[in-house]
Amino acid sequence: MLETDRLILRQWSDNDLAPFSEINRNKEVMEHFPSILTHEETVKFYNRTVSEFSEFGIGLYALELKSDGKFIGYTGFHHFDFDAEFSPGIEIGWRLDSRYWNHGYATEAAKACLDYARKRRLFSLVYSFTALCNHRSERVMQKIGMQPMGRFQHPALPDGHHLKDHILYNIEL
């Protein structure tokens, strides 16, 4: 578990599934992903996240407000391995309920994750990437000190897909 002034970053619980499923069905939240997620797809995502914590001891942390204990999304690390010249690697990412956007929560939580990884020397390089049109997430990358590396075509998306063009950032710890 990690804490910031306003947030608790913790492992997931079954109680997070319903609000997480709601977040993943929100078209505004999922605007820069290929599609919204069904409840079943959210359960699979949840299970992969819990499994990654078990395997590596870190992962995508459930994000909770200290003020009221409300689950608002996730922030943390993910091991990725897809066909790209910078792969495999460690990604930092976030997904928050849109009601909690523009409060600095993603930035605050991501900085806490990077500080944690840096202090424990978990890895030396962290990436983040998003669809080129996702300026909100790109701004978080900039605010947490990441540097732009360029663009790439995400291999999981078909040619011609409006989200295929991605921006890539990294930070050395």
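**Exercise 1. Backbone exceptions**

Asparagine 102 is found in the loop between E5 and H3; state the sign of its phi and decide whether the residue is buried or exposed.

*Solution.* The model is predicted: local features need pLDDT of at least 70 and side-chain atom pairs count only at pLDDT 80 or more, whereas totals for chains, interfaces and linings use all residues. Residues are numbered from 1 along each chain as its sequence is written, and side-chain values use heavy atoms, with hydrogens and water left out.

1. Helices (H or I, at least four residues) and strands (E, at least two) are DSSP runs, numbered from the N terminus.
2. Asparagine 102 is not a glycine, yet its phi is positive, at about 65°.
3. Its relative accessible area is 76%, so asparagine 102 is exposed; the classes are buried under 20%, exposed over 50% and partly exposed in between (1.4 Å probe, protein chains only).
4. Arginine 121, which follows H3, also has a positive phi, near 50°. Arginine 121 is found in the loop between H3 and strand E6 (125-131) and is exposed, with a relative accessible area of 75%.
5. A further exception concerns the peptide bond between serine 87 and proline 88, which is cis, with omega about 0°. Proline 88 is placed in the loop between E4 and strand E5 (89-96).
6. As background, most residues other than glycine have a negative phi, and most peptide bonds are trans.

**Exercise 2. The nonpolar cores and helix H3**

Identify which members of the largest nonpolar core touch the most other members, and which helix supplies the largest share.

*Solution.*

1. A nonpolar core is a set of buried Ala, Val, Leu, Ile, Met, Phe, Trp, Tyr and Cys residues joined through side-chain atoms within 4.5 Å.
2. The largest core has 45 residues, among which Phe77, Ile92 and Trp94 touch the most other members. Helix H3 (residues 105-120) supplies the largest share, seven residues.
3. A second core, separate from the first, has seven residues, including Phe82, Tyr127, Phe129 and Phe152.
4. Isoleucine 92 has contacts (heavy atoms within 4.5 Å) with residues including Phe77, Ala110, Cys113, Leu114 and Met146, when residues up to four places away in sequence are not counted.
5. Ala110, Cys113 and Leu114 are among the buried residues of H3.
6. The length of H3 can be checked: the expected span is 1.5 Å times one less than the number of residues. For the 16 residues of H3 this gives 22 Å, which agrees with the 23 Å between its end C-alpha atoms.

**Exercise 3. Salt bridges**

Determine how many salt bridges the model contains and which parts of the chain the pair of glutamate 3 and lysine 66 ties together.

*Solution.*

1. A salt bridge requires a side-chain nitrogen of Lys or Arg within 4 Å of a carboxyl oxygen of Asp or Glu; the count is 10.
2. In the bridge between glutamate 3 and lysine 66, the closest N and O atoms are 3.0 Å apart. Glutamate 3 lies in strand E1 (residues 2-3) and lysine 66 in the loop between strand E3 (60-65) and strand E4 (71-80), so the pair ties together parts 63 residues apart in sequence.
3. Arginine 136 bridges to glutamate 31, with 3.5 Å between the closest N and O atoms. Arginine 136 belongs to helix H4 (residues 135-143) and glutamate 31 to the loop between helix H1 (17-25) and helix H2 (39-56), so parts 105 residues apart in sequence are tied together.
4. Arginine 136 is partly exposed at 39% relative accessibility, as is glutamate 31 at 42%.
5. Aspartate 97 and arginine 99 form a bridge of 2.5 Å, N to O; aspartate 97 is buried, with a relative accessible area of 8%.
6. Salt bridges also link Arg10, Asp16 and Glu64 in a network.

**Exercise 4. Aromatic rings**

Classify the pairs that phenylalanine 129 forms with phenylalanine 82 and with phenylalanine 86.

*Solution.*

1. Rings of Phe, Tyr and Trp (its six-membered ring) pair if their centres lie within 6.5 Å; planes under 30 degrees apart count as stacked, over 60 as edge-to-face and the rest as tilted. The whole structure holds 22 such pairs.
2. Phenylalanine 82 and phenylalanine 129 are edge-to-face, at 5.5 Å centre to centre and 90° between the planes. Phenylalanine 82 lies in the loop between E4 and E5 and phenylalanine 129 in strand E6, so this pair ties together parts 47 residues apart in sequence.
3. Phenylalanine 86 and phenylalanine 129 are tilted, at 6.1 Å and 55°.
4. Phenylalanine 129 is buried at 11% relative accessibility, and phenylalanine 86 is buried at 10%.
5. Trp12, Phe20, Phe45, Tyr46, Phe71 and Tyr74 form one aromatic cluster.
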